[in-house]
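Reader: I would like to go through this model with you and ask, for each label you use, what it rests on. Please begin with one residue and its surroundings.

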Amino acid sequence: MGGEQSLALPPEKGPHRVGCADVMVGHTQQGLFFRLFYPCVPRDGAERPLWIPRYEYCSGLADFSGHSRRWCAPLLNIAVGSCRVPLSWKAPFKPCSSGYPLIIFSHGLGAFRTVYSSICMQMASWGFVVAALEHRDGSAAMTYFCTAEAVREQWIPHQQVPQGQKEFYFRNNQVHHRANECARALQLFRAVSSGKSIPNVLPQGFDLSVLKDSIDLAKAAVMGHSFGGVTAVLALVKESGFRCAVALDAWMFPLENMLYPEVPKPVLFINTEKFQTPESVAKMKRLSSRNSQTKIITILGSVHQSQTDFAFLTGKLIPRVFNARGTLDPYKCLDITSQAALAFLQRHLGVREEFARWDHLLEGIGDSVIPEAPSCLSNL
């Protein structure tokens, strides 16, 4: 597997230092599980969390990639099991009397709550609270919930499309499940803000009550990558509290055609160069033709995994296995992605005015970015 790898995530670019913690609500599969990224009070010698939180996730990645658990999971664990994220684990939350804006983040197919730490920590460093969900529809590489009886863990493995079932119907059911989880996550933060006690059932779990009076629920957005990108689009239909969506290289296939006219709010599509199809771009253009505030841009030299943490693994073999390297430097790709997202959120949430300095990216103007899609995908 090429020996032990390191995860070279860049430090926070914004003015806030970032903490993170896991939150699990409820004792059934219908509950919620997410990693929370938030502005924190820095602590010397703070623990840094593992990037792959449990060995079971290595097994899930092996399953998803089509390799045998028997050899692939142990090798993945040797290669990346000790990688840590440059964040403060369970650091004290930094209160904000004016309220931080909120982002609910949805992961891609075969991913989980920790593998978008790079983009989530950048957004949190600019003054957002980010809840990166771990979906329980069978699309995660692996996930679990804790039952009420002796806090026993019930694991939910990745689920392939059942033999004989059409993929669209299977994925369409999943995307609705995922979008409902995004809506429930926003409702959870409403309950916390109203003063309701919401227990975090994880042992020594982060206390959600510290968030009360520090989140501005009038400034809520939904964001996601790939399957999570189209989940974010659908979440705008499901939950009116989301004011806009940021879709990173959205996989548009699972969304039914009849729902496109019902998407009520603007979407920023940030695509990579090597993933999209003419059909997918055409679906995005259906939304941009209905709403002039919906934007489509493409980052040249990027591949689908460029918008995940896999792009920041050093060494050659693991990034090659997950096809994580484009020709564009991953740090440059992350800068473009986060800056475009911040400019869009400033426009639609009314957050920090300084983000407007990146408005040109929303028009596809700048180094390594173009408007809409490469010409080979746009000639429809």
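Author: In this predicted model, His158 touches Phe64, Leu109, Gly110, Gly138, Ser139, Ala140 and Ala141, when residues up to four places away in sequence are not counted. His158 itself is found in the loop between strand E7 (153-157) and helix H4 (167-193).

Reader: Why is His158 called buried?

Author: The relative accessible area of His158 is 10%, and the label applies to values under 20%, so His158 counts as buried.

Reader: What makes the approach of the His158 side chain to the backbone oxygen of Gly138 a polar contact?

Author: The side chain of His158 reaches the backbone oxygen of Gly138 at 3.3 Å, and a pair of N or O atoms has to lie within 3.5 Å to qualify. The backbone oxygen of Ala140 is reached by the side chain of His158 too, at 3.2 Å, and this value also falls within the 3.5 Å limit.

Reader: How do you know that helix H3 is mostly covered?

Author: Helix H3, residues 117-125, has 9 of its 9 residues buried, each of them therefore under 20% relative accessible area. The buried residues of H3 are Ser117, Ser118, Ile119, Cys120, Met121, Gln122, Met123, Ala124 and Ser125.

Reader: What covers the buried residues of H3?

Author: The cover includes strands E1 (18-25), E2 (32-39), E4 (100-106), E5 (129-133) and E8 (215-225), together with helix H8 (330-349). H3 is followed by Gly127, whose phi is positive, near 100°.

Reader: Turning to the whole chain, how many helices and strands does its secondary structure contain, and what makes the chain as compact as a globular protein of its length?

Author: The secondary structure comes to 10 helices and 12 strands. The radius of gyration is 19 Å, and the globule rule gives 21 Å for 380 residues; the two values are close, so the chain is as compact as a globular protein of that length. Along the principal axes, the C-alpha atoms fill a box of roughly 55 × 50 × 40 Å, and 60% of the 380 residues count as buried.

Reader: What share of the contacts with a separation of 6 or more comes from residues 24 or more positions apart?

Author: Such residues account for 73% of those contacts.

Reader: How many positive and negative side chains are there, and how far apart do the centres of the two sets lie?

Author: The chain has 38 positive and 31 negative side chains, with the centres of the two sets 1 Å apart.

Note on methods:
Residues are numbered from 1 along each chain as its sequence is written. This is a predicted model: local features need pLDDT of at least 70, side-chain atom pairs count only at pLDDT 80 or more; totals for chains, interfaces and linings use all residues. Side-chain values use heavy atoms; hydrogens and water are left out. Helices (H or I, at least four residues) and strands (E, at least two) are DSSP runs, numbered from the N terminus. The radius of gyration is taken over C-alpha atoms; the globule rule is 2.2 Å times the number of residues to the power 0.38. Buried means under 20% relative accessible area, exposed over 50%, partly exposed in between (1.4 Å probe, protein chains only). Contact means heavy atoms within 4.5 Å. Lys and Arg count as positive and Asp and Glu as negative; His and the chain ends are not counted. The place of a charge is taken as NZ of Lys, CZ of Arg, CG of Asp or CD of Glu. A polar contact is a pair of N or O atoms within 3.5 Å; within protein, one must be able to donate a hydrogen and the other to accept it, and residues adjacent in sequence count only if both atoms are side-chain atoms.
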